[in-house]
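Please open the model in a viewer and keep the selection tool at hand. The stops below are taken in order, each beginning with what to select.

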Amino acid sequence: MIHLLRRLLPVVALLTLCGCASGRPSPVPPGVILLWPPPPQQARIEWLKEFHGPDELEIGKGFWKRLAEVITGEEFNGIVRPYGVHADGEGRIYLADTGAGCVHFYDKKDGVYRRLTGSAKAPLLSPIGITGDGKGTIYVTDSASGTVFRHTPGGEFLEPFIVGVITRPTGIVYAPRTGEIYVTDTANHKIVVFDREGVRKFEFGLLGDGPGEFNHPTDLALDHSGRLIVTDALNFRVQTLSATGEFITVFGSSGDSSGAFNKPKGVAVDSDGNIYVVDSLQDAVQIFDPSGRLLMAFGSRGSRPGEFWMPSGLFIDGKDTIYVADSYNNRIQMFQYHGRQRQPAALSVASMPSGR
């Protein structure tokens, strides 16, 4: 026993030193706040932080987990190619990682990190979209297998939930008022709606460029009145529809200037009803009012805070925290929306805006 302890002492010392490491240093110089638009204009967007893995969210590993990794090799928990993001506003974040073929689950509240995958019989191949019901159940689209997976609290794996109904599922959103789940069938240019048991209820859409028609639709969001926001990708526009699919409004056109779209992807809505759209090729997030009028944009090509490299997914939680999947920078960037009646807490501190 004494000999075993002597062998473990160097390992324990190493783990103690590793436990004191804080991960990547803050990429923003002390005393600097990133704001959009820059002063003297009234700031609406503030950069908060970025993370590439659980360490930067202050989610650590237990002693025995770290000991096992020293002996057997460290498990890689970093983000490879993020797309869909979902957060509950209470410190729990779910991230669909297309490159890693998994869903990262970060629980800041309880200090837990989990890597969720499919089973050997039903592997997760290419997770894209992700949504949740607010009670711990999440739904994930797998565009490669044509499957929607579901994970319930306490479950070991992501289990097949909707199989053989959709050719290429991508965007997905849960409607809390009705319990319905909206899924984009990108290959068939339509939206399919299911109940909480996975039973198909109805669908709408067909190939075209008219009102309520789509050309490879991708991402979805719901506003606070229950209207559906759809990224109509190859029509280079965003459509707003009723919960049953009736056309309401449309905005956007093909182009690489603000207000136009080059490769629109993620879409989300803040507490004031403003619509955010990620443009992957413009490396920017554009913000529109509910009628489709451009308000502002933030972001540019790069790897510094507030810059993007082919961003994709987007989510805004109930506290107006904005999560952007910065896909080819292998990270999630977090921002804060300051609404009509709110201001950033420290506008007197020097600002360092970047992007547009």
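Select Asp 289 in this predicted model. Asp 289 has a relative accessible area of 11%, and because buried means under 20%, Asp 289 counts as buried. Now add Arg 293 to the selection: the two residues form a salt bridge, and their closest N and O atoms are 3.1 Å apart. Next, display Glu 50, Asp 326 and Arg 331 together; salt bridges with shared partners join these three residues into one network.

Keep Arg 331 selected and hide the other two for a moment. Arg 331 belongs to strand β25, which covers residues 331-337. Is this arginine buried or exposed? Its relative accessible area is 2%, so Arg 331 is buried. Bring up Ser 303 and Glu 307 to see which backbone atoms the arginine side chain meets. A polar atom of the Arg 331 side chain lies 2.9 Å from the backbone oxygen of Ser 303. The side chain of Arg 331 also reaches the backbone oxygen of Glu 307, at 2.8 Å.

The structure holds 12 salt bridges, and two further examples are worth a stop. Select Arg 227 and Asp 223, which form a salt bridge with their closest N and O atoms 2.7 Å apart. How do the partners stand in terms of accessibility? Arg 227 is partly exposed, at a relative accessible area of 28%, whereas Asp 223 is buried, at 12%. Then select Arg 92 and Asp 88, whose side chains meet in a salt bridge with an N to O distance of 2.6 Å. Arg 92 is partly exposed, with a relative accessible area of 22%; Asp 88 is likewise partly exposed, at 32% relative accessibility.

Leave the side chains and switch to a cartoon representation for the sheets. Select the strands β11, β12, β13 and β14. In that order they make up an open sheet of four strands with antiparallel pairing. Which strands stand at the edges? They are β11 (169-175) and β14 (200-204); each has a single partner strand, so one side of each is left without a neighbour in the sheet. From one strand to the next, the twist averages 20 degrees. Narrow the selection to β13, residues 190-194, and β14: these two strands run antiparallel and are joined by four bridges. Within this pair, Val 192 may be centred in the view, with Glu 203 of β14 standing opposite.

For the last stop, select β7, β8, β9 and β10. Here too there is an open sheet of four strands with antiparallel pairing, in the order β7-β8-β9-β10. Its edge strands are β7 (127-132) and β10 (159-163), each of which pairs on one side only. Neighbouring strands of this sheet are turned against each other by 30 degrees on average, direction ignored. Restrict the display to β7 and to β8, residues 138-142: the two pair in the antiparallel sense over four bridges. Which residue of β8 is the bridge partner of Thr 131? Centre the view on Tyr 139, which is that partner.

How values were computed: Residues numbered from 1 in each chain as written. Predicted model: local features only at pLDDT ≥ 70, side-chain atom pairs only at ≥ 80, totals over all residues. Heavy atoms only, no water. Pairing = 2+ DSSP bridges. Axes fitted to C-alpha atoms, helices over the stretch in contact; angles between N-to-C directions. Buried < 20%, exposed > 50% of the residue type's maximum accessible area, 1.4 Å probe, protein only. Polar contact = N/O pair within 3.5 Å; in protein donor to acceptor, adjacent residues only side chain to side chain. Salt bridge = Lys/Arg side-chain N within 4 Å of Asp/Glu carboxyl O.
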